[in-house]
Amino acid sequence: MSESRNASEISEVETIRVGVDLVSAARRNIGFLRVVAESQWLHDKATVVEAIRRYDELWMPLISDLTVLGSTNTPMVLPPFDVEWVWFCHTLNPVSYQQYCESRFSKLIGKAAIFDEENEEYALLRCKTIWTHKYPSEPFENETDLDMPIPVVTNQELLVEVTKHRFLYSMFPEAYRSEIVYLIAARQRYKGFLYMVQSFCDECSRLVPASDILLMWLTHQSYPTVYAEDLKEMEGDMGKVMTVWESVKEKEVKETKILWEREFDQPYEKAGGEVVLDSDKVKLVKPPFYWDVSDTDVNTRYKSMLPRFLLEVCVFVRLSSRMKPTQHNVTSEFLRLGMSRCHRELKLDKSMSNFRYDSWRKAWHLYCEFGTKGIILELRHHGGKCFKGSSLQETVTFSWNDFLRASSLTLEREVAQQVRIVASITPPVQAPYLLKCVPDRVTDDSGSMISDVILRMNRYRPQEGRWLSRTVLDHAGRECFVIRIRVGEGFWRRGGENPSAVKWEDRIIEIREGSWSYVAGSIGKAPEKVVGTATPKEPAEQWKAAWKFSTGDELMIGWESSTSLSGLIFCLGNGMSPESSVKLLNGRKMQYRVKNTNSESKDEENRNKEEEEEGKEEDEDEEGFVTLVRFTEENPTGKATALLNWKLLVVELLPEEDAVLVLLLCISILRSVSEMKKEDLGSLLLRRRLKEAKLGARDWGSVILHPYYSSSSSITSPYVQPWYWNAKAVMTSDKADYITRQPALSYSLVEGGDKLYKRGFIT
């Protein structure tokens, strides 16, 4: 396997020298932009206007006095946060910034390269000391009174710049953007892009930077003296490069791609380096799942939970020039993409007729769990031994570990001297946890399954107590927790002695951390450690049910409509942490809202008709879903940290959300709603582990197709889409199949009959 030729292979003589550590600088800028995006106070107009005044009248004169004309050393000081934001925005317009500095201070003012927290703290404290001495009547921090009238704008041009960049972080929100290996690859491509601008800009009207190159360009610009020195010989050429918020046309993207492919003989776009199009025909489709940065993982306390990592994959294909003279018939051959592990059923086919000799074409764009190990590409020929089948010509494999060892995160292979394949990935980053509860055997008070095996081990001492049990599996089918719901007390003896239902207030729910300890086949004992409990309590007058959790939270459930589950209302409060605000919203909300990716291409009349039909089905589609939203100072409008489906007992949660709390919510809501409806809504009466898909055949969430690819192909499988797009199809197919084939599930009387469990959950 060989690494494809990339921009780093240009000789040092040809490359543009960059006088700042772009990798460290970009990493700091991403963190800075994230804080800016989370600081709602910073974007109030009165605050912005005051920040501009402070920048224009206080900071720039101060830093000018500290800057020695002609010196390459910039003062080690950092301004207040609001001023730094205005300064950052101003530097992203290098021409305007240079004119401003030259006209006011007769010199270009630069920024210190400060990349670690200790130096940042020192630079900020030093600035505060100088500021206080120079401006004793001006506070160091922005203390704008939002109740006062908005002051007069002193610099309208700056206001436009700052307002324009308010949502700049939304261009680079993915967690992998801060990974060192990604930034090193981006720096290589940026240098190649600069070389291309310098060498061939006359051949193109405008050049469009891909997102990774754009990140490096903005970072370079944010150090104005370095940027001016590095690019002094191509100052006029950079005017042909599209800026961050300019509208991009397909023609300009095509010209950029042609130049890049001609010079570097590789695709211009890559995983994590897409081109953002904004036209009537093409619209950027975001990843189909939430891929935000999580600073903390509160679930590391649970040793049974292993983190889940995702990466983005792009595969480009080009026919080999050696095939052209032979006029090889490509219509009978096709490429098939599959996974090395976790989703062996996956078969994505592309006919060779889709590809060209003179340019690279994107064949696949998908997101994979790191556990899939890699992708397998097969060159196949229609026909073979079976008339309808195909014969294998050659196979190539791309391993994730091989990608990570390549400095560009890109690899190239040639197949049968006919096809060139270039694949690229983004570094794997932590993704949301996926957990599902599956039925299991009834257990006794000690946690042992009700079984003759356990009875013999206990020397035929009767097993006391009856608990309904559910095993919690993660995305890879590993056992993480055991959930138990107390149903009965007493024991079973021949002669008529049977377990009896416990009192309503004793029907507690407990969660134990770990996996079953199996003693014989599927018979085992639950883990010892209890990590969460839920106890029913008498609800207040306006509520139908109430639960007290061991986490300190209290759940109240109401029902506004007796006919539809969409009428359910919830209230979750915590007496221990009154400052935390959380809401439970019915349905798939915020980032979990399901949108039709094809809707843009349909005319208005068809859309209106479909909207009417979809409105009727919407309630049914949203049934069982609840979105957990937390409100904080950083997120005053709320952030969805978990999505749960209490009917299917499935949850997705961000690392910052507690898995045990979400599982308690899920099972408590199912228990309560089943009692209210007097119906077994979530198959609570099932008391056996059901047959599931073979591990590795199509592991849940292991592969997700990019929406643009899935909408433009014939792939309709719900297993390559986010689970909540079609939760019933993904989660209940095996259960339905099992129940259909075995309609009369028989349970031992020792466990307690159906009457005991119906009384516990339904009547």
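Which residues do ring pairs link into a cluster? They are F32, W41, F81, W85 and F88. Rings of Phe, Tyr and Trp (its six-membered ring) count as a pair here if their centres lie within 6.5 Å, with planes under 30 degrees apart called stacked, over 60 edge-to-face and the rest tilted. The model is a predicted one, so local features need pLDDT of at least 70 and side-chain atom pairs pLDDT 80 or more, while totals for chains, interfaces and linings use all residues. Numbering runs from 1 along each chain as its sequence is written, and side-chain values use heavy atoms, leaving out hydrogens and water.

Searching the whole structure turns up 21 aromatic pairs. In one of them, the ring centres of W260 and Y268 are 5.2 Å apart and the planes sit at 55°, so this pair is tilted. W260 and Y268 are both buried, meaning under 20% relative accessible area (exposed is over 50%, partly exposed in between; 1.4 Å probe, protein chains only).

Charges also sit over rings, which takes NZ of Lys or CZ of Arg within 6 Å of the ring centre and within 35 degrees of the ring normal. R484 has its charged end over W467, 4.1 Å from the ring centre, and K111 lies over the face of Y223 at 5.3 Å.

Then there is strand β8, residues 419-425 (strands are DSSP runs of E, at least two residues, numbered from the N terminus). Seven of its seven residues are buried, so β8 is largely enclosed by the rest of the structure. It pairs (at least two DSSP bridges) in the antiparallel sense with β1 over seven bridges and with β7 over six. R420 in β8 stands opposite R318 and also opposite E414.

Methods. Helices (H or I, at least four residues) and strands (E, at least two) are DSSP runs, numbered from the N terminus.
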